[in-house]
Amino acid sequence: MSDLLELTAARAAAAIERGEVGAEELFAFYRERAQRDAGASGDGLNCFTWVADGPADTPSPGWGKEPGGAAGGPLLGVPLAVKDLFCTKGVPSQSGSRILEGYRPPYTASAVGKLTGAGATLLAKTNQDEFAMGSSTENSAYGPTLNPWDRARVPGGSSGGSAAAVAAGLAPWALGTDTGGSIRQPAALCGIVGLKPTYGSVSRYGMIAFASSLDQAGPLTRDVTDAALMLRHMVGRDGCDATSLQFPHEVELPRGERLDGVRLGVPAELTGEGIEAGVLSAFRAALERAEELGAELHEIALPHAPHGLSAYYVLAPAEASSNLARFDGVRYGARAQDATDLLDMYTRTRHDGFGAEVKRRIMLGTYALSSGYYDAYYGRAQRVRTKIAEDFATAFAAVDLIVTPTAPTVAFKLGEKTGDPLSMYLNDYCTVPMSLAGIPAISIPCGLSEGLPVGLQLAGPAFSESRMLDAAYALETALQFDGSGAYA
Amino acid sequence: MPELEPVIGLEIHVQLATRTKMFCGCGLSFGEPPNTRTCPVCLGLPGSLPVANAQAVHFGLMIGLALGSELAPRSIFHRKNYFYPDLPKGYQISQYDEPLCLGGRLGDVRIHRVHLEEDAAKLTHVGESGRIHGSDESVVDFNRGGTPLAEIVTEPDIRTAEQASEWLKLLRTTLRALGVSDVNMEEGSLRCDANISLRPAGTEELGTKTELKNMNSFRFIERGIKAEVERQRKLIEGGGQVVQETLHFDPNSGAISSLRSKEEAHDYRYFPEPDLLPVAIDERMLAAAREAMTELPADRAERFEREHSLSAESAQLLAFRSELGDYFEASLAAAGDPAPPAQALANWVAGDLVSRLGEGEDPADSNVEPAALATLVAMVSGKQVSVGAGRQVLDKLVAEGGDPAAIVESEGLAAIGGGDELAPIVAAALEANPDAAQRVREGNAKAIGPIIGAVMRETKGRADGGEVTRLVNEQLGI
């Protein structure tokens with residue numbers, strides 16, 4: 001095994017800083033690995049939709065904006081894989097969809113610009129479920145990504161390309177997005193760390209939108225320290241995103257290996273029925289380690305959390321049905337040829353350009369917003385959302401963090417759930433409530449079941465990322481999960 | 001059948017004269033080459049996000065204050081979803097059930113609401129049809145897309161086409177005074193749709209309405225509304241029923257055609273815009289809007305009547321063209337002693353002076369100093385100069401400026417004084433027009449015209465008409 005592959009992103013940045021590793025050497029190393037995966041042989045994991053030819057492809061920061069960060073920067077030379085749906089100037093940004101095939105935006109997403117401004121180098125764009133709709137990365141127009149632990153299985157989704165690339169050592173770290181679990185669930189299924197920050201802490205400008213009130217960018221990394229490091233360089237108010245917020249303090253790198261006095265809430269609703277036995281047992285074992293580290297376990301109630309999925313599958317498709325209206329063939333992307341009139345052009349462009357799951361959600365969302373149905377669906381789902389947020393607020397009065405399994409199952413087989421959308425949606429059962437409440441949550445690997453990784457999710461109040469990362473770091477250190485089995 | 005009464009409400013779209021567009025940093029377009037005032041946001045590129053324009057909110061609050069609306073402490077933007085090539089996101093960001101301003105009144109028409117939204121892009125259809133159906137191709141210019149709009153909706157308080165047009169002029173002059181818009185109908189910065197229904201006079205219940213679009217001048221508004229009212233009247237009187245639909249008025253032919261029926265109406269699927277925060281109006285924003293308010297035309301007209309005893313007509317003439325009101329007040333302020341009577345000065349500003357200037361020209365930009373006009377009007381009112389000579393002085397002032405007293409002096413335009421000077425000239429005129437003199441003597445007052453004309457010719461207009469009449473009557477022994 002290569003020494004370079006051993007380096008986490010934080011260690012690589014330090015090694016480059018000390019002059020022990022050359023930035024170009026590191027980039028060439030990962031570029032070669034990524035290109036091999038994306039190569040014509042077809043025996044790769046299909047993690048990538050585009051791989052850089054060289055550092056020169058690094059996109060310049062956003063249109064009309066000053067380049068972020070000084071020359072050099074704390075992340076200097078660390079290659080970064082970026083989920084396809086982030087706009088990257090001059091580089092294909094297709095959100096896993098046929099309708100954006102070949103689309104190269106004229107500007108770069110703020111989150112990407114901040115990371116490259118801090119010195120990170122764009123290595124590749126990663127595969128994803130089309131418009132981030134899915135939990136298996138099987139909904140990509142560019143073919144499914146395979147799970148590096150077992151190539152017959154899915155990597156989770158929608159940030160499956162990012163998760164698999166990091167797990168397989170094809171990228172030191174990757175940027176993903178999470179709407180209902182799209183960072184945390186693939187991180188869990190691939191045995192890596194995935195963090196969904198507090199809604200608003202990272203700019204959404206330049207992220208091709210799925211559900212605007214839920215979408216949030218975050219890191220997929222090999223360890224908790226890398227997640228903290230990437231988050232530190234992503235957060236901040238952005239004048240281009242009206243919903244973005246100033247992070248109240250600098251994100252601290254985690255330290256401390258004890259959990260003395262930390263009150264962990266275990267919600268009965270998300271840690272029992274519907275969770276696979278092997279997942280539950282790895283989860284319980286991790287909780288025992290947490291107690292050994294000094295944590296207090298408290299049973300808590302999130303009474304409305306079981307309704308989270310129902311509310312989510314009204315709200316997210318409703319917003320998506322509107323967000324995806326712009327893909328009409330008029331200005332960019334694919335346009336159906338030989339249409340007879342305007343309506344025919346719209347219809348055929350969208351018929352040919354969107355995949356089945358995207359069409360399903362556009363129809364669901366259009367229906368939910370229709371005159372006469374709005375209150376019964378959208379209005380009611382918003383009220384459930386408020387109740388769920390209130391549940392969390394009540395819980396956090398008694399505990400510091402909430403802990404659950406990240407996903408109800410380990411990685412499932414390719415094709416196993418594609419015919420049954422509802423069973424696919426259940427993947428988000430434990431992650432959706434936090435998305436609806438806008439609070440941060442992290443998934444860390446906590447063990448194996450049937451030889452496949454199991455994820456543990458920690459969630460905290462808004463802007464409690466530093467505390468959450470500290471606890472995750474202590475657990476990570478104690479659990480000593482070894483992910484090297486997935487290296488390609 | 002009882003008399004049918006038209007019930008008319010207006011929806012006015014006003015392009016706000018902000019520095020940048022409603023939701024992005026692009027400058028507003030004034031005829032630049034197509035698609036040069038665009039960015040990822042106003043092109044609706046994937047991943048772009050809107051940020052609300054604070055100046056547009058400020059202008060919206062000023063409009064609300066001017067209309068006496070209730071300013072919502074919290075209002076929200078909604079998405080109005082529909083597909084059209086001039087709408088790059090597939091939705092328009094507008095306001096729905098929580099608008100910026102609620103209620104209010106301007107003149108005799110109540111205001112329903114005022115809200116903010118973004119303008120669509122400009123579509124051009126190439127080919128004979130001139131519409132999207134059957135065009136060879138349609139091209140889109142996104143320069144206009146995203147221009148801030150204030151939509152002002154009235155209550156159905158208007159009863160005639162003339163009233164609609166007059167009221168719209170009052171609204172235009174009010175918005176112009178606020179400085180929030182160019183309010184130019186021909187250029188599209190002021191656009192008006194009308195909701196029209198008929199009902200038996202004296203009843204309260206509203207009839208079925210139609211919405212008439214595309215009336216892009218005051219004349220077309222009158223013609224369009226009249227045509228639609230007549231169409232509905234004939235329909236109802238013929239035993240038919242009005243169908244709720246959106247209508248298109250063709251100003252060239254005067255024809256009204258259906259754009260879409262109620263059944264074909266869009267379901268806009270409004271929902272709160274998740275990319276924007278609610279607009280929260282704080283004290284600072286309110287104070288800034290109040291601070292920016294100027295005296296409104298209607299208030300100014302009332303003040304002119306009250307302070308200067310002007311006729312209502314004169315007061316409105318001056319107040320509704322703010323530059324005339326400004327000139328009038330500047331002229332009053334600069335007047336020496338004796339000051340001209342305000343009503344006379346108002347007549348000279350709105351009549352003689354305006355008619356000598358170019359269309360829409362601001363008298364402040366002319367050669368006529370406000371003080372000079374005040375002096376001239378004072379001289380005319382004091383009978384030191386006749387009205388006719390005064391107009392000659394004004395010609396001179398408009399042409400090259402100067403001091404009216406000096407012009408009177410140098411041109412020899414001083415009024416021919418009392419009887420001593422004028423009496424022989426009147427006597428000569430009577431002698432030269434014996435027939436007219438005879439008819440006047442017989443009681444035909446109108447016959448005096450030729451005699452006065454002769455005196456004016458002789459005096460080069462310097463004689464006072466009233467004085468001449470008095471002398472004629474005296475010499476004829478009437």
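How many residues does the contact take from chain B, and how many from chain A?

1. This is a predicted model, and the points below should be read with that in mind. The contact between the chains takes 27 residues from chain B and 36 residues from chain A. On the side of chain B that touches chain A, the residues divide into 17 nonpolar, five polar and five charged.

2. Within chain B, strand 13, which covers residues 210-215, pairs with strand 14, covering residues 245-249, in the parallel sense and over three bridges. In this pairing B:Lys213 has B:His248 of strand 14 as its bridge partner. Helix 3 of chain B, made of residues 218-237, joins these two strands of chain B in a β-α-β unit, and the unit formed by strand 13, helix 3 and strand 14 is left-handed.

3. Strand 14 of chain B also pairs with strand 15 of chain B, residues 256-261, here in the antiparallel sense and over five bridges. One of the bridge partnerships links B:Glu245 with B:Ser261, the latter lying in strand 15 of chain B. Strands 14 and 15 of chain B form a hairpin in which six residues lie between the two strands, and B:Gly254, in the turn, has a positive phi of about 75 degrees.

4. A further element of chain B is an open sheet of three strands, whose order is 5-4-16 and whose pairing is antiparallel. Its edge strands are strand 5 (91-95) and strand 16 (271-272) of chain B, each of which pairs on one side only. Strand 4 of chain B, residues 77-81, pairs with strand 16 of chain B over two bridges in the antiparallel sense, and here B:His78 has B:Pro272 of strand 16 as its bridge partner.

5. How are helix 8 and helix 10 of chain B placed with respect to each other? Helix 8 of chain B (residues 342-356) packs against helix 10 of chain B (residues 387-400) at an angle of about 45 degrees, and their axes are 10 Å apart. Because angles from 35 up to 65 degrees fall outside the roughly parallel and roughly perpendicular ranges, helix 8 and helix 10 of chain B are oblique to each other. The crossing of helix 8 and helix 10 of chain B is right-handed.

6. Where these two helices of chain B touch, B:Asp352, B:Leu353 and B:Arg356 of helix 8 meet B:Arg391, B:Leu394 and B:Val398 of helix 10. The residues of this contact divide into three nonpolar, no polar and three charged.

Note on methods:
Residues numbered from 1 in each chain as written. Chains lettered and ligands numbered in written order. Predicted model: local features only at pLDDT ≥ 70, side-chain atom pairs only at ≥ 80, totals over all residues. Pairing = 2+ DSSP bridges. Helix = DSSP H or I, 4+ residues; strand = E, 2+ residues; numbered from the N terminus. Right-handed = clockwise from strand over helix to strand, strands pointing away. Contact = placed C-beta atoms within 7 Å. Nonpolar A, V, L, I, M, F, W, Y, C, P; charged D, E, K, R; others polar. Axes fitted to C-alpha atoms, helices over the stretch in contact; angles between N-to-C directions. Parallel < 35°, antiparallel > 145°, perpendicular 65-115°, else oblique. Left-handed = near helix turned anticlockwise from the far one by under 90°.
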